[in-house]
Amino acid sequence: MTDLIILSHGSRHPRAHATVQRLADATARLVPCGVHVAHLDFDPERTLSAVAQRSGDAVVVPLLFAGGFHTRFDVPNQIRQAESGGVRLTLAPSLGAGPDVAAVLSRRLRADAAEDSVGVLFSVGSSIASSQAAMVALADAVGRAAGRDVDFLSATNMARSLDDVVAEHGRIHLLPLFVAEGLLLDQALARLPAGSTASAPLGEALAGVVAARYRACDPL
């Protein structure tokens with residue numbers, strides 16, 4: 001079978017790569033192929049081009065939730081660059097913000113959040129309006145599945161801060177829409193007031209979603 005490369009955004013966070021690697025290991029138990037980790041940024045030894053030279057022809061699943069700049073431009077550009085080295089790569093759908101991702105988030109929320117807290121789906125955000133709208137819709141879907149209120153907050157939304165959300169709702173539970181640890185998430189966690197709580201990045205919980213994206217793509 002054609003190997004799988006999971007392509008993360010990348011992060012300067014010291015624990016981020018290990019979390020993505022654990023996701024790769026969990027995914028490898030669900031698919032009949034080798035699973036490799038590459039990053040869009042911050043890791044020159046694990047660029048898509050470098051990893052593809054080691055894996056050979058592969059299916060690429062971007063670990064991206066929003067259809068923003070990275071999905072529309074960075075991923076296709078890096079695939080073209082990697083293919084110039086003689087490998088053939090098939091681009092599978094990204095993680096996205098559909099029902100399977102909502103199900104992962106709702107399970108996490110039910111397991112982690114106190115009943116009297118308001119869930120807050122927290123993502124990096126996007127400058128593309130349709131991507132932001134998809135995140136708001138995802139928060140609504142998570143709330144319906146979990147049977148509770150879920151708000152949405154973007155880390156890059158200058159008009160509405162975490163402090164604003166806490167002032168509006170009181171006790172909150174931060175639900176990160178992050179594959180792995182990140183500096184923006186650390187900053188948000190440091191600002192959480194006493195009594196509010198947070199889930200960990202999704203990590204291995206996304207293995208089933210990644211495997212489904214691989215299976216949905218006709219391997220080379």
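In this predicted model, helix α8 has a set of buried residues: Ala-207, Val-209, Val-210, Ala-211, Arg-213 and Tyr-214. The cover over these residues comes from several directions, and includes β1, α1, β3 and α4. Each of those four elements makes a good stop on a walk through the structure, so let us visit them in turn, beginning with the helix α1.

Two packed helices are described by the angle between their axes and the distance between the axes. Helix α1, residues 16-28, packs against α8, residues 207-216, with the axes 9 Å apart and at an angle of about 60°. An angle between 35 and 65 degrees falls in the oblique class, and α1 and α8 are therefore oblique to each other. The handedness is also set: α1 passes α8 in a right-handed crossing. If you would like to pick out the contact on screen, select Leu-23, Ala-26 and Thr-27 on the α1 side, and Ala-207, Val-210 and Ala-211 on the α8 side. By class, this contact holds 5 nonpolar residues, 1 polar residue and no charged ones. Notice that Ala-207, Val-210 and Ala-211, the α8 residues of this contact, are also among the buried residues of that helix.

From α1 we can step onto a sheet. Strands of a sheet pair through backbone hydrogen bonds, either parallel or antiparallel. Here 4 strands make an open sheet with parallel pairing, and reading across it gives the order β2-β1-β3-β4. The edges are taken by β2 (35-39) and β4, each of which pairs on one side only. Going from one strand to the next, the twist averages 30°. Helix α1 packs on this sheet, where it touches β1 and β2, and its direction makes about 150° with that of β2.

Within this sheet, β3 deserves a closer look. How much of strand β3 (residues 58-62) is buried? The strand is mostly covered, with 5 of its 5 residues buried. Both faces take part: Ala-58, Val-60 and Pro-62 are buried on one side, and Val-59 and Val-61 on the other. Along its pairings, β3 runs parallel to β1 (residues 3-8), and 5 bridges join the two strands. One of the positions to look at is Ile-6, whose bridge partner in β3 is Val-61. With β4 (residues 89-91), β3 also pairs in the parallel sense, over 3 bridges. In that pairing, Val-59 stands opposite Thr-90 in β4.

Leaving β2 along the chain, you enter the loop between β2 and α2 (48-55), and there you find Phe-42. Its backbone is worth a check in your viewer: phi of Phe-42 is near 75°, a positive value in a residue other than glycine. Is Phe-42 buried, partly exposed or exposed? Its relative accessibility is 34%, so Phe-42 counts as partly exposed, since that class lies between 20% and 50%.

The last element from our list of covers, α4, leads to another sheet. This one is also open and has 4 strands with parallel pairing, in the order β6-β5-β7-β8. At its edges stand β6 (150-154) and β8 (197-198), each with a single partner strand, so one side of each has no neighbour in the sheet. Strands β5 (residues 118-123) and β7 (residues 172-176) pair in the parallel sense over 5 bridges, and the partner of Phe-122 in β7 is Pro-176. Helix α4 lies across β5, β6 and β7, and runs at about 145° to β7.

Helix α4 also has a helical partner. The axes of α4 and α5 (residues 129-146) come within 8 Å and cross at roughly 55°, which makes α4 oblique to α5. This crossing is right-handed. Val-101, Ala-102, Leu-105, Ser-106, Leu-109 and Arg-110 of α4 meet Leu-138, Ala-141, Val-142, Ala-145 and Ala-146 of α5. Sorted by class, the contact has 9 nonpolar residues, 1 polar and 1 charged.

We can end on a single residue of α4 (residues 99-112), Ser-106. Which residues is Ser-106 in contact with, leaving aside its neighbours within four places in sequence? They are Val-142, Ala-145 and Ala-146. With a relative accessibility of 3%, Ser-106 counts as buried, because the cut-off for that class is under 20%.

Key. Residues are numbered from 1 along each chain as its sequence is written. This is a predicted model: local features need pLDDT of at least 70, side-chain atom pairs count only at pLDDT 80 or more; totals for chains, interfaces and linings use all residues. Side-chain values use heavy atoms; hydrogens and water are left out. Axes are lines fitted to C-alpha atoms, for helices over the stretch in contact, and angles run from 0 to 180 degrees between N-to-C directions. Angles under 35 degrees count as roughly parallel, over 145 as roughly antiparallel, 65 to 115 as roughly perpendicular and the rest as oblique. A crossing is left-handed if the near helix is turned anticlockwise from the far one by less than a right angle, and right-handed if clockwise. Contact means heavy atoms within 4.5 Å. Ala, Val, Leu, Ile, Met, Phe, Trp, Tyr, Cys and Pro count as nonpolar, Asp, Glu, Lys and Arg as charged, and the others, Gly among them, as polar. Buried means under 20% relative accessible area, exposed over 50%, partly exposed in between (1.4 Å probe, protein chains only). Two strands pair if DSSP finds at least two bridges between them.
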